[in-house]
Structures are given as structure tokens and as C-alpha cells.
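Visitor: Could you take one part of this model and look at it closely? I would like its surroundings too, with every cut-off stated.

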Amino acid sequence: MTVDALTDIAGVRVGHATRTGGGWLTGTTVVLAPEGGAVAAVDVRGGGPGTKETDALDPRNLVQKVDAIVLTGGSAYGLDAASGVMAWLEEQGRGVPVGVDPAQVVPVVPAACVFDLGRGGDFRARPDAATGRAAVEAAAAGEPGARVPEGCVGAGTGATVGPLKGGVGTASTVLGSGITVAALVVANAAGSVTDPETGVLYGELFQGRVEYPETGVHDHALRRLADITATNAPPPLNTTLAVVATDADLSKAQAQKLAGTAHDGIARAVRPVHLLHDGDTVFALATGARPLGTDHPLALNEILAAGADAVTRAIVRAVHAAESVAAPGGTWPSYGELYG
């Protein structure tokens, strides 16, 4: 049975650490690979990214597999969360072997951050190593194939999409070949996720399942957003992050292609995207449990298309799952509050 989440990739687990109240509105999300790690790659297209260990994922470089991916709030400060994940992995003996003793490993933990500084009221309230450790421990404690909490959790706790509340979303699909492709996103975009003429989510227009809000509802929503925008501090730095995963047996180069085409899924759901003040970053993971079918040179195409589609659906789900937030740092209504 699938749960329409990143955890439909066998062995992949997701954990959140969420901090709210007392000036906090932030958190960290960890994607934990199966024992032995997963082939990983990355594609960064935002003009203002905050990342860690992304160079290690270049197909030309040494590291072939990673044990975890960290998505975190706190802007560049929040990347410290990866240190807590590294410490936990070292204790498990998971990482790149670097000595004669099996315990001598260096975990490679790629990470990317979203900007949410000050949204809870305290600019210094941001994830640290302890937050990262809490998130990876939550992932490790999860049951295989467990549902993934969505909305204002983990790295999506302080996320916004334009004037609306953003958050975490996830989605998956099983291809005719039996290969599973899934995505998890942190939707925190400077661009808009809604069509200004109708209020419909761009991602739902792409999916072809659209229920248009009544004109009066949309007009009321626009007035409410205009009032909030006039009083909120402008969101200067935003980012959409994603992890796209598959159980197919991919090389690092193929995984990098998957990460790249998955950005199309962001572009379908957010407009504009990949701006200079965005840090849009997509990671790809491949567990290698299912052969790709190397007898067909275009076998990867179906996975590439499915990855982009999963990202679009995950963004839509993130927006629908988000709840309104009124904090000292600002007010962000949810899409559900405005449109039902």
C-alpha cells in the first residue's frame, strides 16, 4: 500500500523537528536514506542559495552515496542543523569509510536552507545542531512506509508562498514499470502560487483538476491579502526546496538529470521562479532497488517526467495543508482560510 509520499520509496524515512512560540517559527526536515545510502545529486537554480556539501554530489567527484539530506529553516544559520545529523550518523557508523576502523567514517550530509528569519518574532531563533539531531532521530524512529506530516512542520514551519502560508508537501507515483518516483518539497517561494485572475493554484491548473472559486470569494481574498501585504514586512529572500527520490538504479549523472528536470515541477506551480533572491534547490536520491532497463536508451525519460509531476503535486499539497499563522514577525493566511 502506498501513502502518496516520499516514504513510498522503500527504506526512505522522513523526520521533522518543529519549533514554534516564544519567537520561534522554524524547523528542520531530514530525509534519511536506507542503510548503505543512496545515489544522490543536486541541481541549484535559485540566485541566492544556501547549501552545504553540494559539490560532493557532482558526478565527477568521489562520493557516490549519501545517508541523509537536510532541509532546514534559518537561512544560512540553519545549515548548522546538518552537524547534528552528521553526529547521529557517525554514532551509527554510517558514512564514507576513511580508516581501518569501521567506526572511522565521515558522513556526507548535503543540506539546503529556506529563509524564515524573524518570522516568529526573534531573528536569532533558528535551527541548530540539536534541531537537526531531533529531526534525524524522528526519521529513524518512523515506521517504513509511514505517512509524512505536511503543512507547517519541519522546514516548512515558517515557510511562506508570496503573501500566503507555505509549508511541506509530498507526493508519489508508481510507473507502469513498477518503479516508484516521489517528491517532498518545502514551499517557501517569493513568487505566487495562485492565478491572480481566479485564485486557482497554478499547480492545479497543470493537473487539470480545477474548481474555480466564486468571484466574490476571490475578491474578498484579494482585499484581505492587500491589507496584510501593506502591514507585513516584505519577504526579501525565499526558496523552494525539494527532494525527488526513486527506487530505480540510477547513476549519479542520471540522478543529476532527474534533479534538473524536477525544477520544471516548481516552475509549473510557482510564478516567477528561480529569481536572484530565491535559493531554489532540488536534490535527487536513487536507492537502486529496481533496474532501469538499460536495453532502452530512453528508459530514464518516464522517471524524469514523473519527478517533475510529483514536485508540482507536492507544492499543491503543501499549500493546501498549510495553516494560517499570526506571529510577531507577520501574518500569513492559509489558502484554505481564504478560499475554503
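Guide: The answer starts with two residues, then moves out to the sheets, the cores and the whole chain.

First, the ground rules. The model is predicted, so local features need pLDDT of at least 70 and side-chain atom pairs count only at pLDDT 80 or more, while totals for chains, interfaces and linings use all residues. Residues are numbered from 1 along each chain as its sequence is written, and side-chain values use heavy atoms, with hydrogens and water left out.

Start at His 16. This residue sits in strand β1, which covers residues 13–21. Strands (E, at least two residues) and helices (H or I, at least four) are DSSP runs, numbered from the N terminus. His 16 has a relative accessible area of 16%, so it is buried. The classes are buried (under 20% relative accessible area), exposed (over 50%) and partly exposed (in between), with a 1.4 Å probe and protein chains only.

Two polar contacts involve the His 16 side chain. One, at 2.8 Å, runs to the side chain of Thr 29. The other goes to the backbone oxygen of Pro 149, at 3.0 Å. A polar contact is a pair of N or O atoms within 3.5 Å; within protein, one must be able to donate a hydrogen and the other to accept it, and residues adjacent in sequence count only if both atoms are side-chain atoms. Beyond its neighbours within four places in sequence, His 16 has contacts that include Thr 28, Ala 135, Ala 138, Val 148, Val 153 and Val 168. Contact means heavy atoms within 4.5 Å.

Now Arg 13, also in β1. Arg 13 is partly exposed, because its relative accessible area is 25%. Its side chain has a polar atom 2.3 Å from the backbone oxygen of Gly 142. The backbone oxygen of Ala 140 is reached at 3.4 Å. Arg 13 and Val 30 are 17 residues apart along the chain, with their C-alpha atoms 8.2 Å apart. Leaving aside neighbours within four places, the contacts of Arg 13 include Thr 7, Val 30, Leu 32, Glu 143 and Pro 144.

Next, the sheet around β1. Five strands form it, open and with mixed pairing, in the order β1-β2-β6-β9-β4. Its edge strands are β1 and β4 (51–52), each pairing on one side only. Two strands pair if DSSP finds at least two bridges between them. β4 and β9 (residues 111–113) are antiparallel, with two bridges. Thr 51 has Ala 112 in β9 as its bridge partner.

Two helices belong in this picture. Helix α1 (residues 81–91) lies across β2 (24–32), β4, β6 (68–72) and β9, at about 155° to β6. Helix α2 (residues 129–141) packs on the sheet, touches β1 and β2, and makes about 135° with the direction of β1. Axes are lines fitted to C-alpha atoms, for helices over the stretch in contact; angles run from 0 to 180 degrees between N-to-C directions.

There is also a six-stranded open sheet, again mixed: β5-β3-β15-β14-β13-β12. Here β5 (65–66) and β12 (167–174) are the edge strands. β3 and β5 run antiparallel, joined by two bridges. Val 39 stands opposite Lys 65 in β5. Helix α5 packs on this sheet, touching β3, β14 and β15, at about 45° to β3.

Then the cores. A nonpolar core is a set of buried Ala, Val, Leu, Ile, Met, Phe, Trp, Tyr and Cys residues joined through side-chain atoms within 4.5 Å. The largest has 46 residues, and Val 244, Leu 250, Ile 303, Val 311 and Ile 315 have the most contacts inside it. Elements that each supply at least two of its residues include β3 (38–44), α4 (215–231), β14 (241–248) and α6 (300–321). α6 gives the most, 11 residues. A second, separate core has 33 residues, among them Val 148 and Val 186.

Finally, the whole chain. It has seven helices and 17 strands. Buried residues make up 55% of its 340 residues. Its radius of gyration is 19 Å, which agrees with the value near 20 Å for a compact globule of 340 residues. That radius is taken over C-alpha atoms, and the globule rule is 2.2 Å times the number of residues to the power 0.38.
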